[in-house]
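Thanks for coming. I will take a few minutes to walk through one structure, starting from a single residue and working outward.

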Amino acid sequence: MFNFPLKYKDKLIQIDDALDIISYAIKFIEANYNCNLEKYQITVEVLSKLIQAIKGISDHKPPKEKIIKAIETIEEIAKKSTNDENLKTEIEKTAAICKFWIKIS
């Protein structure tokens with residue numbers, strides 16, 4: 001399904017890096033945002049499914065609309081993270097991996 005490494009800007013994302021980046025994004029969202037709100041629930045759900053897909057545990061992908069909503073939420077979080085360039089980059093990488101997921105379907 002996924003062909004690693006994935007190219008993001010001028011860097012390559014290896015499979016272990018992708019799993020770490022996505023896991024970090026999930027923890028960050030759960031710690032800093034109200035996951036009772038639908039957009040954050042959807043984002044965490046999509047990211048969890050993405051981890052399973054990368055690991056080869058499940059090939060069940062959420063509907064494209066949910067993935068797009070998650071990407072929008074992730075990009076919104078990245079824009080709010082302008083004070084921390086490392087955080088912003090990691091969150092942007094998460095969105096890039098989700099976009100790649102849509103492209104390969």
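I begin with T94, which is buried, with a relative accessible area of 0%. This is a predicted model, so that value and the others I give are computed from predicted coordinates. T94 sits in helix α4.

What does T94 touch, leaving aside neighbours within four places in sequence? The contacts are I21, A25, L47 and I74.

Take A25 from that list. A25 belongs to helix α1, and at 1% relative accessibility A25 is buried as well; the cut-off for buried is under 20%. Setting aside residues up to four places away in sequence, A25 is in contact with L47, I91 and T94. For a distance across the model, the C-alpha atoms of A25 and G56 are 20 Å apart, and these two residues are separated by 31 residues along the chain.

That brings me to how the helices pack. Helix α1 covers residues 15-32, and its axis lies 9 Å from that of α4, at an angle of about 110 degrees. The two helices are therefore roughly perpendicular, since angles of 65 to 115 degrees are put in that class. The crossing of α1 past α4 is left-handed.

Which residues make this contact? On the α1 side they are A18, I21, I22, Y24, A25 and F28, and on the α4 side L87, E90, I91, K93, T94 and I97. Sorted by class, the contact of α1 with α4 has nine nonpolar residues, one polar and two charged.

Now the other partner of α1. Helices α1 and α2 have axes 10 Å apart and an angle of about 160 degrees between them. Are they roughly parallel or roughly antiparallel? They are roughly antiparallel, because the angle is over 145 degrees. Here, too, α1 passes α2 in a left-handed crossing. From α1, the contact draws on I15, A18, L19, I22, S23, A25, I26, I29 and E30; from α2, it draws on Y40, T43, V44, L47, S48, L50, I51, I54 and K55. In the contact of α1 with α2, 13 residues are nonpolar, three are polar and two are charged.

Next, the charged side chains. How many salt bridges does the structure hold? There are six, and I will go through three of them.

The first on my list is between E92 and K9, where the closest N and O atoms are 3.9 Å apart. This counts as a salt bridge because the cut-off is within 4 Å. The two residues come from distant parts of the chain, 83 residues apart: E92 is in helix α4, residues 85-103, and K9 is in the loop between β1 (6-8) and β2 (11-13). E92 is partly exposed, at 26% relative accessible area, and K9 is exposed, at 60%.

Next is K39 with E76, where the closest N and O atoms are 2.8 Å apart. K39 is in helix α2, residues 38-55, and E76 is in helix α3, residues 64-80, so this pair ties together parts that are 37 residues apart in sequence. Both ends are partly exposed: K39 has 26% relative accessibility, and E76 has a relative accessible area of 27%.

My last pair is K66 and E45, whose side chains meet in a salt bridge of 3.2 Å, N to O. K66 is in helix α3 and E45 in helix α2, 21 residues apart, and this pair too links distant parts of the chain. K66 is partly exposed at 28% relative accessible area, as is E45 at 30%. As for networks, K39, E76 and K80 are joined into one by salt bridges that share partners.

Two backbone details remain. Where is the cis peptide bond from F4 to P5? P5 is in the segment before β1, and omega for the bond from F4 to P5 is near 5 degrees. The other detail concerns K9, the residue paired with E92. Phi of K9 is near 50 degrees, a positive value in a residue other than glycine. K9 lies in the loop between β1 and β2.

To go back to the start: T94 is buried, and its contacts include I21 and A25. That is where I will stop.

Definitions and conventions:
Residues numbered from 1 in each chain as written. Predicted model: local features only at pLDDT ≥ 70, side-chain atom pairs only at ≥ 80, totals over all residues. Heavy atoms only, no water. Helix = DSSP H or I, 4+ residues; strand = E, 2+ residues; numbered from the N terminus. Buried < 20%, exposed > 50% of the residue type's maximum accessible area, 1.4 Å probe, protein only. Axes fitted to C-alpha atoms, helices over the stretch in contact; angles between N-to-C directions. Parallel < 35°, antiparallel > 145°, perpendicular 65-115°, else oblique. Left-handed = near helix turned anticlockwise from the far one by under 90°. Contact = heavy atoms within 4.5 Å. Nonpolar A, V, L, I, M, F, W, Y, C, P; charged D, E, K, R; others polar.
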